[in-house]
Amino acid sequence: MSKRRVLTGITTTGTPHLGNYVGAIRPAVAASKSPDVDAYLFLADYHALIKCQDPKIVAESSRQIAASWLASGLDPDRAHFYRQSDIPEITELCWILTCNAAKGLMNRAHAYKAAVQQNVEAGEDPDYAVTMGLFSYPVLMAADILVFNAHDVPVGRDQIQHVEMARDIAQRFNHNFKSVFTLPQAVVDDNVAVLQGLDGRKMSKSYGNTIPLFGTPKQLQKSINKIKTNLLEPGEPKDPDTSAVFQIWCAFADEAERQEMRTAFEAGLAWGEAKKRLFERVNDEIAPARDEYDRLMANPGEVETILREGAERVRPESVALLDKVRRAVGLRPFA
Ligand code: TRP
């Protein structure tokens, strides 16, 4: 049986937080260890430029995110681990696909539509601060996916549309020119928790409600203490199902521990105690990775080498694919 090609990217903006860990890093690292998976995991640093034009932050986030994945157990000898910007074929393919992707399709992309809607609500020009990068974002993502002929693309719900667009673009290309692309599908794991943030909304850098993944234990504890709770006193029964503390607990605990915590909540566990237990549980899981993270952050050359080797290993494939694509659209040697 041939292996499934599973590909996913992580946009390199912001400092990795617990939501990234639970929702993306941990499951992707686990999946990359499966014997019937050929994993492609990459740092979407070109995507980072869409959101962030501060070179220092772009560079720093990229380093932090690379170190986070490696520290969290990603084995670069097993999974293909590379940086988008080290694969020039991605941007080459992006242009060719741009010339074939319908503008009307892009008009419907959530990220772009949300930006326009925000502008309209604020009484601004609809395209205020909308770059071509934001508008064409799904084409770049299609290039990421199609350049390695991925079958499965594990993503969060917010990204399903983009994977469907990639599929659409591939289909159109295959039909109009030559069948060169595998049609990818989005894979959403409903068992993977979408972690709640400090304010109970989805943990997200755009809400500013995150718990950093690799801060010091003290910082972790401080963050956890900031999780919003209600005013119920110790001894008063608490509803686990509306509590971010419980929800985050569940993402780190096994089934028995979840039951235990549920019972404790209903028996009136104090918020302070619940947070203390949460801190200990999370810290136990991430402490070894934190040490490795700190080591990698202090050795950027090591991470650089891993990424370069990762790119070198996959590029023969992207080069071969681009050769086919160029020929298919008529960019051919004259003789
Ligand atoms: N846009 C994705 C996100 O913000 C990241 C990403 C970029 C990606 N390219 C990809 C995910 C290709 C899957 C496949 O989460």
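Okay, let's start with a term: a salt bridge here is a side-chain nitrogen of Lys or Arg within 4 Å of a carboxyl oxygen of Asp or Glu. Arg308 and Glu304 fit that nicely, with their side chains meeting at 2.7 Å, N to O. And before I go on, keep in mind that what you're looking at is a predicted model.

So, where do those two sit? Both are in helix α13, four residues apart, which puts about one helical turn between them. In general, an α-helix has 3.6 residues a turn, so residues three or four places apart point the same way.

Now, Glu304 has another partner. Its side chain also forms a salt bridge with Arg83, at 2.9 Å, N to O. Arg83 belongs to strand β3, residues 80–83, while Glu304 belongs to helix α13, residues 300–329, so this pair ties together parts that are 221 residues apart in sequence. Is Arg83 buried or exposed? Arg83 counts as buried, at 13% relative accessibility, because the cut-off for buried is under 20%. Glu304, at 26%, counts as partly exposed. Put the shared partners together and you get one network of salt bridges, made of Arg83, Asp86, Glu304 and Arg308.

How many salt bridges does the structure hold? There are 17. Let me show you one more, between Glu285 and Arg26, at 3.0 Å, N to O. This one links distant parts of the chain: Glu285 is in helix α12, residues 271–297, and Arg26 is in helix α1, residues 18–32, with the two positions 259 residues apart. Glu285 is partly exposed, with a relative accessible area of 26%, and Arg26 is partly exposed with 26% as well.

Let's go back to β3 for a moment. Both of its faces are covered: His80 and Tyr82 are buried on one side, Phe81 and Arg83 on the other. Its neighbour is strand β2, residues 37–44, and the two pair in the parallel sense over four bridges. If you want a spot to find on screen, look for Tyr40, which stands opposite His80 in β3.

Phe81 also takes us to the inside. The largest nonpolar core has 55 residues, and Phe81 is one of those with the most contacts inside it, along with Leu18, Trp69, Ile211, Ile227 and Ile248. Which element gives this core its largest share? That's α12, with 10 residues. To get a feel for the packing, click on Ile227: leaving aside residues up to four places away in sequence, Ile227 touches Leu198, Ile211, Ala244, Val245, Ile248, Lys275 and Leu278. Apart from this core lies another one, of 49 residues, including Phe42, Cys94, Met106 and Val139.

Last stop, helix α9, residues 217–225. Leu220, Ser223 and Ile224 are buried there. Why do I say they line one face? Looking down the axis of α9, the buried residues fall within an arc of 95 degrees, so they line one face of the helix. What do they pack against? They pack against α12, the helix that also holds Glu285. On the other side of α9, Lys218 and Lys222 are exposed.

So that's the tour: the network around Glu304, the two covered faces of β3, and α12, which feeds the largest core and has the buried residues of α9 packed against it. Thanks, everyone!

Methods. Residues numbered from 1 in each chain as written. Predicted model: local features only at pLDDT ≥ 70, side-chain atom pairs only at ≥ 80, totals over all residues. Heavy atoms only, no water. Buried < 20%, exposed > 50% of the residue type's maximum accessible area, 1.4 Å probe, protein only. Core = buried A, V, L, I, M, F, W, Y, C linked by side-chain atoms within 4.5 Å. Contact = heavy atoms within 4.5 Å. Arc of directions from axis to C-beta. Pairing = 2+ DSSP bridges.
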